[in-house]
Amino acid sequence: MVKPILKIKNLSKHFALGRGLGGLSLGGEKLLKAVDGVSFEIARGEVLGLVGESGCGKTTTGKMIVRLLGPTAGQALFEGQDVQRIPRRGLSEFRGAVQMIFQDLDAALNPKMKVRDILAEAVRLGERHTKQSLAKRLRELFSMVNLKPSKLENYPTSLSGGEKRRVSLARVLARKPRLIIADEPLSALDLSIQAQVANLLKDLQKEYGLSFLLISHDLRMVELLSHRIAVMYLGRIVETASAAEIVRRPGHPYTSALWTSTVARKKGAKVVGQLRGDVFELERPDEGCVFRSRCAVYQKKGKPKQCRVGADPELRQVRKGHSVACHFPLGKGK
Ligand SMILES: Nc1ncnc2c1ncn2[C@@H]1O[C@H](COP(=O)(O)OP(=O)(O)O)[C@@H](O)[C@H]1O
Ligand code: SF4
Ligand SMILES: [Mg+2]
């Protein structure tokens with residue numbers, strides 16, 4: 001088997017919390033298990049979508065992969081190397097090879113610098129250039145993200161949301177990354193611009209064979225852009241499968257509810273039923289399945305004991321390439 005570009009093994013991040021904020025009590029200290037034993041792989045040239053409601057641990061997972069946060073336990077291996085153990089002399093290369101695009105459109109763009117200088121700075125971190133070759137490289141980067149060269153003279157504040165997103169993409173591409181962690185890359189954009197940027201991401205991925213971890217709360221968007229999808233719920237991966245399979249035959253009751261609510265919201269309908277409640281306010285039970293307070297199957301089956309006792313269910317294969325963490329996975333789809 002070809003080695004994955006990224007392998008996540010039992011990655012966890014637990015935050016210590018003040019009293020009264022929920023979370024688990026451990027030796028008097030409250031812990032929030034933001035990411036809790038997450039494992040997955042991304043193959044070279046693959047787009048893995050990581051989807052789940054706000055607060056389920058997606059950004060925290062991304063930050064551990066790019067080494068902005070250290071894990072409480074577990075490892076993120078990039079091209080076989082534990083990112084936490086990359087020596088100082090290898091860090092610059094790593095920061096070019098694995099990059100994160102943040103949800104906040106202004107995060108990576110210094111408002112006091114012209115777009116030209118922002119990009120030039122990124123290019124120079126990885127390449128030596130003469131004045132002429134640098135100008136050529138900047139034009140090349142702009143054409144990769146479909147921006148007019150005249151915009152190079154702008155300051156970020158005078159750009160539209162879509163243009164800022166394109167500049168942040170060009171800035172990432174300047175370092176010739178092999179893996180991009182894109183955290184909600186479309187969510188700050190107007191609906192009309194979202195499709196354009198989604199297409200751009202798709203084209204770039206194909207043309208340059210990039211590997212992506214595509215983070216989003218929007219299952220529909222993730223389905224359109226990903227080869228495979230991992231569904232996350234309160235710090236755990238509850239389902240993984242190909243994008244088509246996840247949508248056609250969801251195995252976890254949460255995935256099914258997420259899809260129903262996504263489609264309903266897109267159609268402008270009021271979301272009723274399964275996904276009520278805000279994940280930030282939910283109790284995280286010490287025992288049993290953490291999804292049960294919102295699970296339709298749990299209710300329908302009369303609150304079975306398997307869901308209430310023992311550990312949270314582990315991911316188990318239900319079909320080739322399709323794993324579900326549920327004692328009663330959905331059978332033949334909807
Ligand atoms: N630095 C931090 N300190 C304490 N709690 C945090 C911190 N960062 C994130 N969290 C909490 O961890 C959980 C997961 O957050 P996050 O990874 O941002 O989720 P998502 O990206 O899926 O919305 C949330 O409950 C969030 O409040
Ligand atoms: S294990 Fe039980 S509570 Fe959890 S998702 Fe499956 S059916 Fe629902
Ligand atoms: Mg996030």
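The following exchange concerns a predicted model and the terms used to describe it.

User: What makes strand 7 and strand 12 the edge strands of the sheet?

Analyst: The sheet is open and its 8 strands follow the order 7-8-9-4-10-11-13-12. Strand 7 and strand 12 (316–319) each pair on one side only, and are the edge strands for that reason.

User: How do you know that strand 7 pairs with strand 8?

Analyst: Two strands pair if DSSP finds at least two bridges between them. Strand 7 and strand 8 (residues 179–183) are joined by 4 bridges, so they count as a pair. They run parallel, and Gln 99 stands opposite Ile 180 in strand 8.

User: What makes strand 4 and strand 9 a pair?

Analyst: There are 5 bridges between strand 4 (residues 47–51) and strand 9 (residues 211–216), and at least two are needed, so this is a pair. These strands run parallel; Val 47 stands opposite Phe 212 in strand 9.

User: Which strands does helix 1 lie across?

Analyst: Helix 1 lies across strand 4, strand 7, strand 8, strand 9 and strand 10 (228–233), at about 150° to strand 9. Helix 1 also gives the largest share of the shell around ligand 1, 3 residues.

User: Why does the shell around ligand 2 have 10 nonpolar residues?

Analyst: Cys, Pro, Phe, Val and Tyr count as nonpolar, so residues such as Cys 289, Pro 253, Phe 291, Val 297 and Tyr 298 fall in that class. The shell also has 1 polar and 1 charged residue. Arg counts as charged, so Arg 292 is the charged one.

Technical notes:
Residues numbered from 1 in each chain as written. Chains lettered and ligands numbered in written order. Predicted model: local features only at pLDDT ≥ 70, side-chain atom pairs only at ≥ 80, totals over all residues. Helix = DSSP H or I, 4+ residues; strand = E, 2+ residues; numbered from the N terminus. Near = placed C-beta within 6 Å. Contact = placed C-beta atoms within 7 Å. Axes fitted to C-alpha atoms, helices over the stretch in contact; angles between N-to-C directions.
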